[in-house]
Amino acid sequence: MVFMIFFSHLLKKDVIVGKDYLWEFFAPKNVSSLELETKTGFYVLLKDQGQWYVELSKGQEKLRFRADPVKIAGLFDFMAGEKPKYSKVYDDFNTVRFMTFGFDRSRNRIRLNRSRDDGPGRNLLLMLGRSENPDRATGVYAWSPQTADRLYLLPIGWSHELDHPARFYFDQRLFGVQEDQISGVRLSGPEGDRLELVERDGEYSFSEAEKDQGAKVDQAAVKLYLHKLSTLKALSLEDVEKPSGGELWLAVEVKDKSGGIETLELYRSKIQPDRFIGRSTWQGEPFSLDEEGARQLSRTMFELLDRHVVHLETGKVMFFKMVFGDQTFEGEKTETGWKEKGSDKEILGIDMSIWRLKELESVAEPSGSLPVSAQWTMTCELFYNETEANTLTFYLDPTLPADQCWLKLGGEEVYYPVSSQLLKDLQGQIPSKK
């Protein structure tokens, strides 16, 4: 009895007899919502001010999540492209036929609702029934009360396309801004601001206070960070604990070039110590992140610094001098290449070594003093002319990791921990003393 009432109710709504498949009239531009009933539950894909959302009911509460516009477009493209294999008109599509084709047990339904009435029908309900041949399913039967006399056979892909769970359509990004539209980022934690980045003419720099301390941005590191920031996705959006009462672990403020601001706050989970709970202006509901995701959001000033230690104009280097133990090795640049000073003996690999010196980076924070455990190992002097020299002094230290050494520049009392591989390679270029 209940089934007959439901069936009669469907037939009374927007019946348009004799039309072909009506969903061809439902394009993204004029659809306001899609209601989907799947094997995993009911949800709505809703368009609001040009943005798509996934709307779910949880008890008396309605939850709204950002929807992935690419996947929404994919759904419309699928419905437009996967046309019926055939349709058949019945003089009397009665209850028996309705049940024969499995529509009384349908768990896959979609209702498309128009935002304006500019074509046949204000809405369309499409129901999927049983497969054409359960042994080798190549098609699935479909029926709509808006064309109540017509039975469709659709490609079997419809069974999959209309059975996605709601989370399939989630846009799990934490920020909506595109990386090339970011004009500034500020990171802060429980102790206050960590760093601030500002974009000017396509280049990023630290805030004025940080620049006053001589801090220079590594442009490649910043652009990689902004890419991660704009593409990082939540671990989960459903059934996430509320981020309340805990200590703030990280706050991120992102400014775009149009003047808009997006914010994000991240807290350590009280339930799962290896999880973080967050909220952002882009995501209306709480989200969770794992340790790796949280690490990609966070940066220290050191991680974004230009950490190149040696500043050389490699093309201007005309002489070099290396002192290692009791050996001294000198070379000069000639029209035919590098030669040992005072002889015609050719030296290979010097240009590459000078380039590698220029690319040396500090692997950790520099020190203002040399540890007592450090021992002088080698001095390298690079000359632009007879008097203008860049002096690099290397020290080995057993307290450093085995692949590191200290580097001092000129008379500065600053010592940089750098990779020791280049030191070993330079030592190998000094001929053995006979």
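## Report on a predicted single-chain model

At 0% relative accessibility, Cys405 is classed as buried. Cys380 is likewise buried, its relative accessible area being 2%. Searching the whole structure for disulfides gives 0. The model described here is predicted.

**Overall composition and confidence**

The chain contains 10 helices and 23 strands. It has 434 residues, of which 44% count as buried. Its exposed area is about 22,600 Å², with carbon and sulfur atoms supplying 50% of that area. When contacts between residues at least 6 apart in sequence are considered, 58% of them join residues at least 24 apart.

Mean pLDDT for the chain is 84, and 88% of the residues reach 70 or more. Over residues 1–19, however, pLDDT stays under 50, although the model has 40 contacts beyond four places in sequence for this stretch. Where pLDDT is low, predicted coordinates should not be read in detail.

**Nonpolar cores**

In soluble globular proteins, nonpolar side chains tend to be buried together. The largest nonpolar core of this model comprises 62 residues, and Leu34, Leu45 and Leu297 have the most contacts inside it. Helix α2 (residues 69–81) provides the largest share of this core, 5 residues. Apart from this core lies another, of 28 residues, including Phe329, Trp338, Val418 and Ile430.

Leu45 illustrates the surroundings of one residue of the largest core. Leaving aside residues up to four places away in sequence, Leu45 touches, among others, Leu34, Trp52, Tyr53, Ile72, Leu75 and Tyr169.

**Helices α9 and α10**

Helix α9 spans residues 350–358, and its buried residues are Ile350, Ser353, Ile354 and Leu357. Viewed down the axis of α9, these buried residues fall within an arc of 100°, so they line one face of the helix. They pack against the strands β17 (319–324), β19 (337–340), β20 (375–383) and β21 (389–396), and also against α10.

In helix α10, which covers residues 421–429, the buried residues are Leu422, Leu423, Leu426 and Gln429. Down the axis of α10 they fall within an arc of 115°, and they therefore line one face of the helix.

**The loop before α10**

Ser420 belongs to the loop between β23 (415–419) and α10. Ser420 is buried, with a relative accessible area of 3%. Along the chain, Ser420 and Gln404 are 16 residues apart, yet their C-alpha atoms are separated by 4.6 Å. Beyond residues up to four places away in sequence, Ser420 touches Ala402, Asp403, Gln404 and Cys405. The last of these contacts leads back to the buried Cys405.

**Two loop residues with positive phi**

Most residues other than glycine have a negative phi. Asp201, with phi near 55°, has a positive value, and Asp239, with phi near 50°, also has a positive value. Asp201 is found in the loop between β11 (192–200) and β12 (203–206), whereas Asp239 is found in the loop between α6 (219–231) and β13 (248–256). Asp201 is exposed, as is Asp239.

The table sets out relative accessible areas for residues discussed above.

| Residue | Relative accessible area | State |
|---|---|---|
| Cys380 | 2% | buried |
| Cys405 | 0% | buried |
| Ser420 | 3% | buried |
| Asp201 | 81% | exposed |
| Asp239 | 66% | exposed |

Terms used. Residues numbered from 1 in each chain as written. Predicted model: local features only at pLDDT ≥ 70, side-chain atom pairs only at ≥ 80, totals over all residues. Heavy atoms only, no water. Buried < 20%, exposed > 50% of the residue type's maximum accessible area, 1.4 Å probe, protein only. Helix = DSSP H or I, 4+ residues; strand = E, 2+ residues; numbered from the N terminus. Arc of directions from axis to C-beta. Contact = heavy atoms within 4.5 Å. Disulfide = S-S within 2.5 Å. Areas by Shrake-Rupley, 256 points an atom, 1.4 Å probe, with all protein chains shown as cover. Core = buried A, V, L, I, M, F, W, Y, C linked by side-chain atoms within 4.5 Å. pLDDT = per-residue confidence, 0-100.
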